[in-house]
Amino acid sequence: MKSQCDVDAVVVGAGFGGLYMMHLLQQQGFTAQGIERGSDVGGTWYWNRYPGCQCDVESMEYSYQFSDDLQQKWEWTQRYAGQPEILRYANHVADEFSLRDNFTFNASVNGANYDDASEIWTVSTDTGKTVTARYLIMATGCLSTTNTPDFPGLADYAGDTYHTGDWPHEGVDFTDKKIAIIGTGSSGIQAIPLIAQQAGDLTIFQRTPNYSIPAQNKPLSPEKQAEIKANYAEFRARGKMSPAAFGADFAFNPSSVFDATPEERKARFEEFWNYGGFNFLAAFGDLSMNMEANEFACEFVRGKIREIVKDPETAELLCPDTVLGCKRLCSDNGYFEAFNQPNVHLVDVSTHPIDRLTAKGLITNGKEYEFDAIIFATGYDALTGSLLKCNITGSNGLTLADKWAAGPTNYLGLMTTGFPNMFTITGPGSPSALANLITGIEQHAEFITQLIQWSQKRGYTRIEAEQVAEDNWVNTVNTRAAATLYPTCNSWYLGANVPGKPRVFMPYVGFPDYSEKLKSVVVEDYAEFRFS
Ligand code: NAP
């Protein structure tokens with residue numbers, strides 16, 4: 001007889017992953033305790049409140065599909081929802097399904113230890129609260145641990161500092177202020193046009209220029225919404241068949257860029273640019289797989305940048321020379337246009353990095369720049385950062401930090417051997433951030449629930465992935481990534497944005513194949529898991 005624990009499962013995180021996991025556990029009669037470091041639900045959409053924050057997946061797809069009642073009743077107002085609307089949606093879901101009461105908020109997990117004898121996880125938090133559970137479910141998100149580079153002199157700076165991923169709830173008034181933004185990824189690219197409108201003076205420090213396609217955001221008409229809702233199941237099914245689990249309405253063009261004449265090529269790129277966002281990569285079938293094909297798309301976007309940005313020197317600095325889509329493609333609302341404002345300046349720090357921060361600002365290339373505030377749009381310790389921060393120790397004293405010292409290894413992105421009964425929702429090794437995250441979350445939460453139920457029905461108390469299954473899966477993830485253009489640049493998918501982080505491509509490429517794999521695992525009675 002095994003020892004009793006406080007609850008069946010601890011769920012870490014109250015973002016979309018934690019909320020749905022909690023819903024399933026409650027629905028299936030499990031007891032569960034949620035732990036969340038924020039003061040409320042929403043996860044990434046709770047923390048990212050910077051001006052312009054908006055999802056790059058369309059609202060009708062970036063939403064739960066587990067409840068037809070929910071998806072029919074909720075009305076989105078924009079093609080791409082902004083952060084406030086998505087946070088309202090997360091709160092609505094929490095209320096509608098009575099999920100909030102099982103979460104402890106304002107508590108960060110600072111330890112999780114597995115005891116082999118009792119087969120129980122003990123999860124501790126910075127509030128002193130400790131919970132014991134049979135199962136530990138990490139719904140900590142892919143992009144939730146902010147990365148602020150360790151610039152020399154960081155503590156000397158006397159002005160205000162902000163990180164886009166941890167923005168003040170009350171907002172910030174930049175009127176007439178002299179502001180710096182470091183970083184030109186999705187967050188910087190979204191924030192810059194709005195801060196440029198308000199700030200007296202805005203200087204952007206760019207290390208690597210990024211490709212960005214206009215979002216072409218617009219109000220979502222009631223007619224369009226009703227049309228999708230009339231056949232929502234089919235629309236969702238189409239989305240799941242696409243490589244990134246969204247794009248049900250995308251105009252995928254399978255033909256090769258080499259089969260088109262220069263005029264046809266230009267016309268098609270123009271059409272996809274005007275459609276907006278990620279769909280641009282679907283303009284031709286070979287853009288994501290072939291470097292020469294990709295270069296046509298790069299040159300088209302560079303041409304757009306040169307057309308939009310009036311100052312030729314600034315335009316050249318903004319032109320990327322990497323593969324388009326290697327770093328996550330950005331979508332914007334007036335990003336390149338912002339550089340035509342007289343109060344906006346671009347400083348290239350690719351060859352002369354930021355040397356240090358000073359009391360008044362920062363120094364690069366021998367020159368000191370002074371600011372009232374510095375905004376770090378410097379991204380995240382993606383996919384693994386939030387898991388490692390929890391100080392997890394599995395079977396026989398093995399720590400996750402030691403196991404993943406050379407990069408994350410696991411089976412299906414769901415379980416890592418040596419950590420029995422611990423699951424990761426949209427963990428590294430799964431499509432995670434390369435796919436529609438809400439769709440991936442639903443898939444994982446449902447798989448985990450069914451797996452636990454299957455094992456309990458058979459009287460098992462311990463679930464673990466087989467080592468050989470894990471080794472094979474790691475190979476599969478690597479092989480798939482190697483067949484793409486993703487490894488050709490320094491992206492957060494590879495951990496390349498965090499100094500010292502192992503360079504390993506973390507997400508699994510291809511949502512539909514991944515879904516098939518999960519289905520076959522269920523059909524084969526979870527043959528590659530070990531139960532006892
Ligand atoms: P990011 O893509 O990692 O961009 C961080 C930026 O900071 C990069 O330009 C990076 O330059 C720069 N940087 C980092 N360290 C630096 C240093 N020491 N000196 C100078 N520059 C430095 O982070 P993000 O913009 O927050 O976006 C991360 C991901 O979050 C996105 O790719 C996306 O998946 C998600 N996101 C999505 C949305 C949306 O839905 N539209 C919005 C925001 C974020 P390098 O490129 O040279 O490393």
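**Cysteines in the predicted model**

Let me start with Cys489, which is buried, at a relative accessible area of 5%. I should say at once that what we are looking at is a predicted model, and that my topic today is its cysteines.

The partner of Cys489 is Cys326, and the two form a disulfide in which the sulfur atoms are 2.1 Å apart. Cys326 is buried as well, with a relative accessible area of 1%. For the geometry of the link between Cys326 and Cys489, the angle about the S-S bond is -105°, and the link is left-handed. As for where the two ends sit, Cys326 belongs to the loop between helix H10 (312-318) and strand S11 (330-332), while Cys489 belongs to the loop between helix H15 (467-482) and helix H16 (511-523), so the pair ties together parts that are 163 residues apart in sequence.

How many disulfides does the structure hold? It holds one, and that brings me to cysteines outside it.

Take Cys55, which is in no disulfide: the nearest cysteine sulfur belongs to Cys53 and is 8.6 Å away, whereas a disulfide calls for sulfur atoms within 2.5 Å. Cys55 is nonetheless buried, its relative accessible area being 5%.

Then there is Cys319, for which the closest cysteine sulfur is that of Cys298, at 11 Å, and this is too far for a bond. Cys319 is also buried, with a relative accessible area of 10%.

To close, then, the picture is of one disulfide, joining Cys326 and Cys489, with Cys55 among the cysteines that are in no disulfide.

Methods
Residues numbered from 1 in each chain as written. Predicted model: local features only at pLDDT ≥ 70, side-chain atom pairs only at ≥ 80, totals over all residues. Heavy atoms only, no water. Helix = DSSP H or I, 4+ residues; strand = E, 2+ residues; numbered from the N terminus. Buried < 20%, exposed > 50% of the residue type's maximum accessible area, 1.4 Å probe, protein only.
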